[in-house]
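Could you walk me through this model, one selection at a time? I have it open in a viewer and would like to know what to click on next.

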Amino acid sequence: ILNLEKQLGKSPALFVQVLGLLYRRHDGGEDPSEWKVADAEKTSELATAAYRILANFRRLPGTDDNGNIDEEALRTWVKQAQVLCAQHGRAEIGDQKIGEILSSPTVGEDGIWPREEVRKVLEECGTTQLAKGFGIGVYNSRGVHARGEGGDQERALAEKYRTWARQLAFENPYTASVVDGIAQNYDRDAASEDSEAAVRRRLSH
């Protein structure tokens, strides 16, 4: 997976081809002949492999072996991937998956999330679907966690993201709106957890 991550992070064309193994076109067009597999069983195996690859793609394009990000390489990768996804009838799902990749949890040198290189690329390349994928990436990165009583954990997360959104608002308005949207989602989750906790308390008496 690590080697595949490096290759995907260098080649937007490879990223789109992997995406094509898992998601159908939405424009009625034809994929390149080299993407097609006649064997149904092999097609299923490739789709499973493509899912695993995309699910584990967490290395930001433009990242070197020391963890440094080349902002221009990241920008170029995202723009080329968006163009290729659109050309191959997968613009929406492509933006969602790109958003998931960009949701890397690393904070910037100023202590604000997302890191500076990602903010700049988001401001240039952001779309509604990319924002959706960005939020999905944040949610998935939380993983399995211990459950407390009520929505206190979610309220704390909402406040963390809302603080970052406020700090981003002046120079990075699109990114700020995306981060604030994540805070609002956690607000809703907190209210839902509070309601479920209240029901459990009533049922226990």
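Start with the largest pocket of this predicted model. Its lining has 7 nonpolar, 4 polar and 6 charged residues. To find the spot, select Gly-20, Leu-21, Arg-24, Asp-31 and Arg-90, which lie nearest the centre of the pocket among its 17 lining residues. The space inside comes to about 380 Å³. Now colour helix H2 (12-22) and helix H3 (40-55), the elements that give two or more residues each to this lining. Helix H2 has the largest share, with 4 residues.

**Step back to the whole chain**

Zoom out and switch to a cartoon view. How many helices and strands are there in the chain? You should find 9 helices and 0 strands, so every element you pass from the N terminus on is an α. Along its principal axes, the C-alpha trace spans about 65 × 45 × 35 Å. Of the 205 residues in the chain, 40% are buried. Among contacts with a separation of 6 or more, 69% join residues 24 or more positions apart.

**The enclosed space**

Next, look for a space with no way out. The structure holds 1 cavity of 30 Å³ or more, and about 40 Å³ of space lies in it. Select Leu-54, Phe-57, Arg-58, Lys-97, Glu-100 and Ile-101 to see the residues that line this cavity. By class, the lining has 3 nonpolar and 3 charged residues, with no polar ones. Helix H5 (residues 91-102) supplies the largest share of the lining, 3 residues.

**The nonpolar core**

In soluble globular proteins, nonpolar side chains tend to be buried together. To see this here, show the side chains of Phe-15, Leu-102 and Tyr-161: of the 42 residues in the largest nonpolar core, these touch the most other members. Helices H2, H3, H4 (71-87), H5, H6, H7, H8 and H9 each supply at least two residues of this core.

Stay on Tyr-161 for a moment. Which residues is Tyr-161 in contact with, leaving aside its neighbours within four places in sequence? They are Trp-113, Val-138, Val-179, Ile-182, Ala-183 and Tyr-186.

**Along helix H9**

Some of those partners take you to helix H9, so select residues 173-203. This helix has 31 residues and reaches 45 Å from its first C-alpha to its last, close to the 45 Å expected at 1.5 Å a residue. Its buried residues include Val-179, Ile-182, Ala-183 and Tyr-186, along with Thr-175, Glu-193 and others. What lies over them? Turn on helix H6 (116-125), helix H7 (128-142) and helix H8 (152-168), which are among the elements that cover the buried residues of H9.

**Last stop: Arg-119**

Finish in helix H6 by selecting Arg-119. Is Arg-119 buried or exposed? Its relative accessible area is 7%, and because buried means under 20%, Arg-119 counts as buried. Not counting residues up to four places away in sequence, Arg-119 touches Gly-108, Asp-110, Ile-112, Pro-114, Leu-168, Asn-172 and Thr-175. You have already met Thr-175, one of the buried residues of H9.

Conventions:
Residues are numbered from 1 along each chain as its sequence is written. This is a predicted model: local features need pLDDT of at least 70, side-chain atom pairs count only at pLDDT 80 or more; totals for chains, interfaces and linings use all residues. Side-chain values use heavy atoms; hydrogens and water are left out. On a 1 Å grid over the protein atoms alone, a cavity is a set of points where a 1.4 Å probe fits but cannot get out, and a pocket is an open set with protein on both sides within 12 Å along at least five of seven lines; lining residues have an atom within 4 Å of a point. Grid points are joined across faces, edges and corners, and a volume is the space filled by probe spheres set on the points. Ala, Val, Leu, Ile, Met, Phe, Trp, Tyr, Cys and Pro count as nonpolar, Asp, Glu, Lys and Arg as charged, and the others, Gly among them, as polar. The expected span of a helix is 1.5 Å times one less than its number of residues. Buried means under 20% relative accessible area, exposed over 50%, partly exposed in between (1.4 Å probe, protein chains only). Contact means heavy atoms within 4.5 Å. A nonpolar core is a set of buried Ala, Val, Leu, Ile, Met, Phe, Trp, Tyr and Cys residues joined through side-chain atoms within 4.5 Å.
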